[in-house]
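Work through the exercises below with the model open. Each task is followed by a solution in steps.

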Amino acid sequence: MAAEHGRAAAVAGHVSTQVPALSSVPPTKFGMAVATVDGCVLTAGDGTEPFSIQSLSKLFALCALLQRNPAVWDHIGWGPTDSGYGSVAELERNLGRPRNPFVNPGALVVTDRLLELTGDAVGATIDLLASTSGTAVINSDGRVALSETVADHRNAAIAHVLAEHGKLVNGIDRVLTQYFAQCAIAASVETVAKSALFLADRSADATVLDSGSVRRVNAVLLMSGMYGAAGDVAYRIGLPAKSGIGGGVLAIMPGLGTVCVWSPPLDTDGNSAGGVAAIEEFARLAGWSVF
């Protein structure tokens with residue numbers, strides 16, 4: 001029922017043209033997966049088909065960095081923003097300190113620090129996705145990464161502002177190359193839902209992140225994971241969530257599990273119209289809410 005609800009809502013959205021390589025993805029694509037901490041995994045529709053996870057990768061890159069350096073919060077804020085995920089003006093107002101790790105300036109700093117520690121931020125992000133989901137092969141789509149590199153002038157501008165304020169350790173071109181390749185990671189909703197289970201698992205043997213980091217990541221997801229629509233999503237659904245312009249939406253129910261939906265048409269806030277609707281209906285039926 002939740003999937004049908006999502007498919008119906010997707011009709012009102014539009015596939016993003018921000019990344020030219022993604023503009024031709026069929027708007028009728030729809031995949032949904034639910035994973036629970038007790039090992040149950042259910043999929044519907046195109047639930048096992050890889051899609052471009054785009055900004056969903058910001059969450060896994062952040063967690064990969066937190067595994068290695070919990071002091072990342074010294075460099076990035078954690079509060080919400082109403083300035084949009086690609087705001088240069090807000091970054092200037094904050095003297096180069098990103099508002100949170102899910103806006104593009106924050107994600108670039110995360111990629112930069114992860115690159116410094118590992119030599120390959122994309123590989124570290126893929127390794128986390130693979131190890132936590134049990135998926136053998138996860139790749140970054142070079143065609144999508146190149147499309148972003150050619151078309152994305154705003155992130156280049158953001159990187160220059162970050163560098164001007166001394167917030168980047170690595171060179172601008174190297175950070176951007178890694179960031180675009182990170183966003184171009186392709187994975188199914190089943191893989192993403194399973195990978196994110198460590199954010200829902202409160203058992204004593206949960207070892208991906210310490211409990212304090214899990215709590216903080218979920219709090220920032222609730223406040224900022226859906227950008228300007230975060231308050232609306234908290235009101236309507238009541239779950240920490242993250243979206244991407246590839247049409248993916250991931251939501252976490254601490255203690256129980258995760259739900260991920262892929263539906264390419266986006267609403268006016270830049271979130272998947274079908275994905276948000278499907279997760280809202282699923283949360284209502286399942287009784288999932290942090291409130």
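Helix axes here are lines fitted to C-alpha atoms over the stretch in contact, and angles run from 0 to 180 degrees between N-to-C directions. The model is a predicted one.

**Exercise 1. Helices H1 and H12**

Task: Find the angle at which the axes of helix H1 and helix H12 cross, and classify the pair.

Solution:
- Step 1. Helix H1 covers residues 2-10 and helix H12 covers residues 273-286; their axes come within 7 Å and cross at roughly 150 degrees.
- Step 2. Angles over 145 degrees count as roughly antiparallel. H1 is therefore roughly antiparallel to H12.
- Step 3. The handedness of the H1 and H12 crossing is right-handed.
- Step 4. On the H1 side the contact is made by Ala2, His5, Gly6, Ala9 and Ala10, and on the H12 side by Ala273, Gly274, Ala277, Ala278, Glu281 and Phe282.
- Step 5. Sorted by class, the contact of H1 with H12 has seven nonpolar, three polar and one charged residues.

**Exercise 2. Two helices that pack on H8**

Task: Describe how H6 and H2 each pack against H8.

Solution:
- Step 1. Helix H6 (residues 142-151) packs on helix H8 (residues 172-183) at an angle of about 130 degrees, the axes being 8 Å apart. This angle makes H6 oblique to H8.
- Step 2. H6 passes H8 in a crossing that is right-handed.
- Step 3. From H6, Ala145, Glu148 and Thr149 meet Phe180, Ala181 and Cys183 in H8. The classes in this contact of H6 with H8 are four nonpolar, one polar and one charged residues.
- Step 4. Helix H2 (residues 56-68) packs with H8 at an angle of about 115 degrees, again with the axes 8 Å apart.
- Step 5. Ser57, Lys58 and Ala61 of H2 make the contact with Tyr179, Gln182 and Cys183 of H8. Here the contact of H2 with H8 has three nonpolar, two polar and one charged residues.
- Step 6. Cys183 of H8 takes part in the contact with H6, and Cys183 also takes part in the contact with H2.

**Exercise 3. The sheet of three strands**

Task: Give the strand order and explain why one side of S4 and of S5 has no neighbour in the sheet.

Solution:
- Step 1. The sheet is open, its order is S4-S6-S5, and its pairing is antiparallel.
- Step 2. Strand S4 (51-52) and strand S5 (139-140) stand at the edges with a single partner strand each, so one side of each lacks a neighbour in the sheet.
- Step 3. S4 and strand S6 (residues 185-187) run antiparallel and are joined by two bridges. Phenylalanine 51 stands opposite alanine 187 in S6.

**Exercise 4. The sheet of five strands**

Task: Identify the edge strands of this sheet and follow the pairing of S2 with S3.

Solution:
- Step 1. The order in this open sheet is S3-S2-S9-S8-S7, with antiparallel pairing.
- Step 2. Strand S3 (41-45) and strand S7 (241-243) are the edge strands, as each pairs on one side only.
- Step 3. On average, neighbouring strands of the sheet are turned by 10 degrees against each other, direction ignored.
- Step 4. Strand S2 (residues 31-36) pairs with S3 over five bridges in the antiparallel sense. Alanine 33 has threonine 43 in S3 as its bridge partner.
- Step 5. S2 and S3 form a hairpin with four residues between them, and glycine 39 in the turn has a positive phi of about 100 degrees.

**Exercise 5. A salt bridge**

Task: Locate the partner of lysine 29 in its salt bridge.

Solution:
- Step 1. Side chains of opposite charge can pair when their charged atoms come close.
- Step 2. The structure holds five salt bridges. In one of them lysine 29 pairs with glutamate 49, and the closest N and O atoms are 2.9 Å apart.
- Step 3. Lysine 29 lies in the loop between strand S1 (14-15) and S2, and glutamate 49 lies in the loop between S3 and S4; this pair, 20 residues apart, links distant parts of the chain.

Methods:
Residues numbered from 1 in each chain as written. Predicted model: local features only at pLDDT ≥ 70, side-chain atom pairs only at ≥ 80, totals over all residues. Heavy atoms only, no water. Parallel < 35°, antiparallel > 145°, perpendicular 65-115°, else oblique. Left-handed = near helix turned anticlockwise from the far one by under 90°. Contact = heavy atoms within 4.5 Å. Nonpolar A, V, L, I, M, F, W, Y, C, P; charged D, E, K, R; others polar. Pairing = 2+ DSSP bridges. Salt bridge = Lys/Arg side-chain N within 4 Å of Asp/Glu carboxyl O.
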